[in-house]
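Q: Got a minute to go through this model with me? I'd like to start with the DNA side, then move to the protein contact.

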There are 2 protein chains.
Amino acid sequence: MSSKSASTLLDKSERSTLCAADWERAALELIAEKGVPALAVEPLARRMGITKGSFYWHFSGRESLLEQALQRWEEHDSRNLAKSLGEISNPRDRLISFFRRVGKEKLTHEVYSELCAAAGHAQVEPVLERVANRRMEHLSSAFEEMGMPSLHARNQARLIYSVYLGFLQLQRQHQTPNLSSEEYDTYIDHVIETLIPHEIQV
Amino acid sequence: MSSKSASTLLDKSERSTLCAADWERAALELIAEKGVPALAVEPLARRMGITKGSFYWHFSGRESLLEQALQRWEEHDSRNLAKSLGEISNPRDRLISFFRRVGKEKLTHEVYSELCAAAGHAQVEPVLERVANRRMEHLSSAFEEMGMPSLHARNQARLIYSVYLGFLQLQRQHQTPNLSSEEYDTYIDHVIETLIPHEIQV
DNA sequence: CGTCCGCCATACGCCGGAGTATGGAAAATT
DNA sequence: AATTTTCCATACTCCGGCGTATGGCGGACG
């Protein structure tokens, strides 16, 4: 039980035969590595050591697979948000954990990063919109809990989320300091210091 | 001379026959609209009302076109940066103009946005790296001019540039307030207020 | 005025992925 | 044990973009 509850996104079924969920998980791994446009049926099948004969038994086509995979990922991400809200009662710690958690949950973030790169895609866009809204809502309410007025909190949430998105972008460009370096830590401290106030003066 | 120096990126040559530069400009327009992966030879030719017979006379292949187009764009962007540095002497105004100039220079920003989405592409990546470094350097030195210590200035520059990149991302997702709305203005004011100090206390 | 060269059209072969059809093997079911 | 169901392999066709080859046309130039 201790080894399995960590990731509901990638628990492999040990059956000899594949199920739809196996394809969805493999699809997400491929997206994380090479991006959404690289999600093609035949290459994915080769990667799994199988042929597309299997694929078209489980899915009606490429669109369907992407749809299911995205839904799976989005649900996983929503649960993560809720968990963070349940575990960390102090709103300020919750905000800080938002930054510190980059680098953790590696696969999930890599997928999200690639989804961002594929904004504009008809199936991806609505997912991105919902996820961003949920996360910004999460941040905004944390600021409100700290005593920040509603409108100010919303702007601050958008600002912080932009910083997060920009960080992902710089990461894709390999323009980010090594995640386990001193420079990285001081930068994160800098961000937290300038964007997350210690207390709100009313 | 006054009407031509505005955009060196799209001045059409009025010749009856096409030259390489015409293809590069058309390529950049296509990238701005549909992204780098949509840059294909035949579709681009159709769009220009011509056939690829012309293309392969001017270029050795798709790679070559992308290379030239990217170079053209990068040079244009560099000149823009230098111009901003020459025209605005007050460092704080220079920083503010950085944000206000989003929405202006529409084509250039649209291209950049799509290039960001195509990070990971072998030909695009080095361009992104150089451009981001130049711009962050530009921001960093402005902060230093304001009296900020060097290391702090670099972190602040990275932070601001992340905000900018995140804004572009939200724009791709249509998650940004309308550029000519009141909400937009108050948000920009909020960003400037929290990230660009009025004076530095030494 | 004829020739040559710059620019473009047409027609081809190649490749890789999408989707379909059909058959086979293993597992489940009765 | 016989049969059905599940899952996968193989072998096609179709399509769209890439790159090439070759031919044509108009303008420059001798």
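Q: By class, which residues does the surface near DNA strand D have?
A: The surface near DNA strand D has 7 nonpolar, 6 polar and 3 charged residues. Ala, Val, Leu, Ile, Met, Phe, Trp, Tyr, Cys and Pro count as nonpolar; Asp, Glu, Lys and Arg are charged; the others, Gly among them, are polar. Near puts a residue's C-beta atom, placed from the backbone, within 6 Å of the strand.

Q: Before we go on, what are the ground rules?
A: This is a predicted model: local features need pLDDT of at least 70, side-chain atom pairs count only at pLDDT 80 or more, and totals for chains, interfaces and linings use all residues. Residues are numbered from 1 along each chain as its sequence is written, while chains are lettered from A and ligands numbered from 1 in the order in which they are written.

Q: OK. Which residues are closest to DNA strand D?
A: A:L18, A:T51, A:G53, B:A40 and B:V41, out of 16 that surround the strand.

Q: And which elements supply at least two residues there?
A: α3 of chain A, plus α2 (41-47) and α3 of chain B. Helices are DSSP runs of H or I, at least four residues, numbered from the N terminus.

Q: Now DNA strand C. Which residues come nearest?
A: A:A40, A:V41, A:G61, B:T51 and B:G53, from 16 around that strand. Two or more residues each come from α2 (41-47) and α3 (52-58) of chain A and from α3 (52-58) of chain B.

Q: Switching to the protein contact. How many residues does each chain give?
A: Chain A gives 29 residues and chain B gives 29 residues. Contact means C-beta atoms, placed from the backbone, within 7 Å.

Q: Which helix of chain A gives the most?
A: α8(A), with 13 residues. That side of chain A divides into 15 nonpolar, 10 polar and 4 charged residues.

Q: How do the copies meet?
A: Through the same surface, because 100% of the interface residues of chain A are also interface residues in chain B.

Q: What turn lays chain A on chain B?
A: A turn of 180°, with a shift of 0.0 Å along the axis and an RMSD of 0.0 Å. The two copies are thus related as by a two-fold rotation axis. The superposition is by least squares on C-alpha atoms of residues with pLDDT of at least 70 in both.

Q: Last one: is B:K106 buried or exposed?
A: Exposed, with 10 other C-beta atoms within 10 Å. The exposed cut-off is 12 or fewer such atoms; buried takes 20 or more, and partly exposed is in between. B:K106 lies in α6 (residues 106-117) of chain B.

Terms used. Contact = placed C-beta atoms within 7 Å.
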